[in-house]
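Biologist: I would like a close look at a single part of this model, with its surroundings described in connected form. Please begin from the part itself and work outward.

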Amino acid sequence: MDSRAENITASKHIAVVGVSNRKFGGAIYKELKKRGYNVYAVHPTMESFNGDPCYDSLKSVPADVEAAVVAVSPASAEKVVDDALGRGIKRLWFQRGSDFTRVVEKAEAAGIQTISRKCILMYTQPVTGIHAFHRFLARVFGSV
């Protein structure tokens, strides 16, 4: 496995930026919580998500957050990088599905460890269901 992925998934306190019942951020939040992570929901206009408090930005999440999954558009992700820098969060996982190249470059230039173009649920144990199948295919084709 990619050592950057191991570093991020070893973090037990993870914020998920972009939680929603209609988007993938919500599914990531629920799965990480089910897998034993201390997960913090981040959405600028929601007060709660899945019965848990929702924070308006990375600036307001509890101090023990070590990493964040970014499940917002690349345009919105720039602010997430700025907020991560302000909080000292040094690990960001940009969820696959969008081109975060410019934002990743900004984050890495500032010393933040990043992952992009990969799904975090293929790397957090236990990997099950469709994510286990996707991980198997990725290993076969050399993209894990």
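Which residues does Trp93 touch, not counting residues up to four places away in sequence?

Modeller: The model is a predicted one, and the description below should be read accordingly. Leaving aside residues up to four places away in sequence, Trp93 touches Ala5, Ile8 and Thr9. Its contacts also include Ala68, Val69 and Val70. The remaining ones are Ile115, Lys118, Cys119, Ile120 and Tyr123. Some of these positions can be placed in named elements: helix 1 spans 3-9 and strand 5 spans 67-70, while strand 7 covers 113-118.

Trp93 belongs to the largest nonpolar core, a group of 22 residues. Together with Val16, Leu32 and Val69, Trp93 ranks among the residues with the most contacts inside that core. Two or more core residues come from each of helix 1, strand 1 (13-17), helix 2 (24-34), strand 2 (38-42) and strand 5. Helix 2 gives the largest share, with 3 residues. Separate from this core is a second one of 21 residues, whose members include Val17, Val61, Ile89 and Val103.

The strands that contribute to the largest core lie in an open sheet of 7 strands, ordered 3-4-2-1-5-6-7 with mixed pairing. Strand 3 (48-49) and strand 7 stand at its edges; each has a single partner strand, so one side of each is left without a neighbour in the sheet. Strands 1 and 2 run parallel and are joined by 5 bridges. Strand 2 also runs parallel to strand 4 (residues 52-55), through 2 bridges. Val42 of strand 2 is the bridge partner of Val17, and Val42 also stands opposite Tyr55 in strand 4. Strand 2 is mostly covered, with 4 of its 5 residues buried.

Val17 leads from the sheet to the largest pocket, which holds about 580 Å³ of space. The pocket is lined by 29 residues, and Val17, Gly18, Ala71, Val72 and Ser73 are the closest to its centre. Helix 2 and helix 3 (74-87) each supply at least two lining residues, and the largest share, 4 residues, comes from helix 3. By character, the lining divides into 12 nonpolar, 11 polar and 6 charged residues. Helix 2 thus appears in both settings: as a contributor to the largest core and to the lining of the largest pocket.

Note on methods: Residues numbered from 1 in each chain as written. Predicted model: local features only at pLDDT ≥ 70, side-chain atom pairs only at ≥ 80, totals over all residues. Heavy atoms only, no water. Core = buried A, V, L, I, M, F, W, Y, C linked by side-chain atoms within 4.5 Å. Buried < 20%, exposed > 50% of the residue type's maximum accessible area, 1.4 Å probe, protein only. Contact = heavy atoms within 4.5 Å. 1 Å grid on protein atoms, 1.4 Å probe; cavity = no way out; pocket = protein on both sides within 12 Å on 5 of 7 lines; lining within 4 Å. Points joined across faces, edges and corners; volume = space filled by probe spheres on them. Nonpolar A, V, L, I, M, F, W, Y, C, P; charged D, E, K, R; others polar. Pairing = 2+ DSSP bridges.
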